[in-house]
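The following note sets out several points for a colleague examining this model. Each point is kept to a short paragraph.

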Amino acid sequence: MMKRRVDPPLTFGELYELPVILDLRTAARAFGVARATAYRHVRLGIFPCEVLRVGHQYRVPTTAVMRALGISEGPVYSVTTDPENTPVTAGD
């Protein structure tokens, strides 16, 4: 039996940089499963979150992935902000 290649799972930093809607391959990476497994789970109706069918493609809302992973939907920043290094806006 041929072993399927699994893309590396997404990191927290990568999760928070995702667009609003994902393709199924990216959603599969978030869950740490192979693309073929994700497609099979969608067909069986057991993918762990909401999946939308758009034409011939599957799309997955990022918020649905985050909820399924138990991650807050609010923005989280992986870098500490430095109040001394605040950007200057026009008119300051």
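1. The model is predicted. A convenient starting point is Arg–aromatic geometry: the charged end of R53 sits over the ring of Y58, at 4.9 Å from the ring centre.

2. Aromatic pairs come next. Two of them are found when the whole structure is searched. One of the two is formed by F31 and F47, whose rings are arranged edge-to-face, with 5.5 Å from centre to centre and 90 degrees between the planes. F31 belongs to helix 2 (residues 24-31), whereas F47 is in the loop between helix 3 (35-44) and strand 2 (52-54), so the pair ties together parts that lie 16 residues apart in sequence.

3. The partners of this pair may also be described by their accessibility. F31 has a relative accessibility of 21% and therefore counts as partly exposed, given that the buried class requires a value under 20%. F47, with a relative accessible area of 10%, is buried.

4. The surface carries a nonpolar patch made up of V20, I21, L52 and V54, which together have about 350 Å² of accessible area. V20 is located in the loop between helix 1 (12-16) and strand 1 (21-23). Its relative accessible area is 74%, and V20 is therefore classed as exposed.

5. T62 is placed in helix 4. With residues up to four places away in sequence not counted, T62 touches L18, P19, V20, I21 and L22. Two of the patch members, V20 and I21, are thus among the residues in contact with T62. T62 itself counts as buried, at 10% relative accessibility.

6. V65 also merits attention. This residue lies in helix 4, which spans residues 62-68, and V65 is buried, its relative accessible area being 1%. Leaving aside neighbours within four places in sequence, V65 is in contact with L22, A27, A30, F31, C49 and V60. One of these contacts, F31, is the helix 2 member of the aromatic pair described above. L22 is listed among the contacts of V65 and likewise among those of T62.

7. Which distance separates the C-alpha atoms of V65 and P48? The separation is 8.0 Å, for two residues that are 17 residues apart along the chain.

Key. Residues are numbered from 1 along each chain as its sequence is written. This is a predicted model: local features need pLDDT of at least 70, side-chain atom pairs count only at pLDDT 80 or more; totals for chains, interfaces and linings use all residues. Side-chain values use heavy atoms; hydrogens and water are left out. Rings of Phe, Tyr and Trp (its six-membered ring) pair if their centres lie within 6.5 Å; planes under 30 degrees apart count as stacked, over 60 as edge-to-face and the rest as tilted. Helices (H or I, at least four residues) and strands (E, at least two) are DSSP runs, numbered from the N terminus. Buried means under 20% relative accessible area, exposed over 50%, partly exposed in between (1.4 Å probe, protein chains only). A charge sits over a ring if NZ of Lys or CZ of Arg is within 6 Å of the ring centre and within 35 degrees of the ring normal. Patches are made of residues with over 30% relative accessible area and no salt bridge: like charges are joined within 9 Å, nonpolar side chains (Val, Leu, Ile, Met, Phe, Trp, Tyr) within 5 Å. Accessible areas come from the Shrake-Rupley method with a 1.4 Å probe; for residues, only the protein chains shown count as cover. A salt bridge is a side-chain nitrogen of Lys or Arg within 4 Å of a carboxyl oxygen of Asp or Glu. Contact means heavy atoms within 4.5 Å.
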